[in-house]
Amino acid sequence: MKLMVFPTAAQVDDAVAQRFVALLEKKPQAVLGLATGGTPVGMYARLVELYRQGRISFAKARSFNLDEYIGLPEGHPCSYLHYMRENLFDHVDFAPGAARVPDGHAADIAAAALAYDRDIALAGGIDLQLLGIGHNGHIAFNEPGTPWDSPTRAVQLDESTRRANARFFEDISQVPTQALSMGMKPILQAKSIVMMVLGADKADILARIVAGPADASVPATALLSHPDATVYADAAAARGLTSREVG
């Protein structure tokens with residue numbers, strides 16, 4: 001796992017956006033793994049800016065998002081489909097149906113999960129997977145203790161995750177208790193992984209990941225053994241690291 005530290009979050013946004021530019025220039029039909037949450041908002045804004053400048057196109061690409069809440073009403077402003085439309089999908093040129101988010105409204109969630117993994121495999125797997133990280137080390141909604149061979153499935157959200165996400169809702173009682181999450185297996189099968197870590201509140205978990213060892217109690221430590229995983233952190237998130245770890 002590589003670690004790259006930048007002075008500001010804006011520089012992280014730009015560096016990660018350039019990974020998407022480089023991939024889509026080389027492989028326009030690439031399969032992208034996309035994430036939600038507060039961390040990638042600035043990076044998505046940068047991608048939209050680059051698209052408007054004619055420097056990137058998603059016209060031949062496909063994407064699969066990491067997760068979606070189960071049980072939110074259709075069109076809820078806190079759904080991840082709404083988030084992706086607001087921050088990226090409605091502003092760039094994905095072909096209709098090419099940008100996918102797990103179906104949290106499916107009548108049969110288990111069948112929807114199996115179909116999602118099947119569709120990722122049929123697409124050839126994910127070329128570049130974007131990740132954020134939770135304060136407890138979760139990636140997607142794979143909470144601590146998740147086996148690294150886990151498939152996409154319905155998951156029970158950890159209470160700490162619900163508290164962290166309550167800022168997007170009126171109060172924590174409105175945060176769903178379950179989500180449909182891409183599993184660790186399809187994430188780790190991505191050809192390349194980029195994980196964005198921003199802010200001083202992520203310093204402790206980033207230091208724990210970099211120190212290792214790989215342990216399912218901290219899901220993101222699975223990236224330590226991935227053949228092409230890079231962490232992009234700002235200085236605030238990296239403040240708990242030693243100069244040797246950063247260098």
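Biologist: How many helices and strands does the secondary structure of the protein come to?

Modeller: This is a predicted model in which local features need pLDDT of at least 70 and side-chain atom pairs count only at pLDDT 80 or more, while totals for chains, interfaces and linings use all residues. Residues are numbered from 1 along each chain as its sequence is written, and side-chain values use heavy atoms, with hydrogens and water left out. Helices (H or I, at least four residues) and strands (E, at least two) are DSSP runs, numbered from the N terminus. On that basis the protein comes to 8 helices and 10 strands.

Biologist: What is the radius of gyration of the protein, and what does the globule rule give for 247 residues?

Modeller: The radius of gyration is taken over C-alpha atoms, and the globule rule is 2.2 Å times the number of residues to the power 0.38. The C-alpha atoms fill a box of roughly 50 × 45 × 35 Å along the principal axes. The protein is as compact as a globular protein of its length, because its radius of gyration is close to the value from the rule: 17 Å against 18 Å.

Biologist: In the open sheet of 7 strands, which strands stand at the edges?

Modeller: Two strands pair if DSSP finds at least two bridges between them. The pairing in this sheet is parallel, and the order is β1-β10-β9-β6-β2-β3-β5. Each edge strand has a single partner, so one side of it is left without a neighbour in the sheet; these strands are β1 (2-6) and β5 (99-100).

Biologist: Which residue in β6 stands opposite G33?

Modeller: Strand β2 (residues 31-34) runs parallel to strand β6 (residues 128-131), and 2 bridges join them. The residue in β6 opposite G33 is Q129.

Biologist: What is the order of the open sheet of 3 strands?

Modeller: The pairing in this sheet is antiparallel. Its edge strands, each paired on one side only, are β4 (67-69) and β7 (153-156). Neighbouring strands are turned by 30 degrees against each other on average, direction ignored. The order is β4-β8-β7.

Biologist: Which residue in β8 is the bridge partner of V155?

Modeller: β4 pairs with strand β8 (residues 178-181) over 3 bridges in the antiparallel sense, with D67 opposite S181 and Y69 opposite A179. β7 also runs antiparallel to β8, joined to β8 by 4 bridges. The partner of V155 in β8 is A179.

Biologist: Are α1 and α2 parallel or oblique to each other?

Modeller: Axes are lines fitted to C-alpha atoms, for helices over the stretch in contact, and angles run from 0 to 180 degrees between N-to-C directions. Helix α1 (residues 9-26) and helix α2 (residues 41-52) pack at about 50 degrees, with axes 9 Å apart. Angles under 35 degrees count as roughly parallel, over 145 as roughly antiparallel, 65 to 115 as roughly perpendicular and the rest as oblique. The two helices are therefore oblique.

Biologist: Which residues in α2 are met by α1?

Modeller: Contact means heavy atoms within 4.5 Å. From α1, the residues D13, D14, V16, A17, Q18, F20 and V21 take part, and in α2 they meet G42, M43, R46, L47 and L50.

Biologist: Where is the place of P213?

Modeller: A cis peptide bond joins G212 and P213, with omega about 0 degrees. The place of P213 is in the loop between α7 (203-211) and β10 (229-234).

Biologist: What is the phi of A140?

Modeller: A140 lies in the loop between β6 and β7. Although A140 is not a glycine, its phi is positive, at about 55 degrees.
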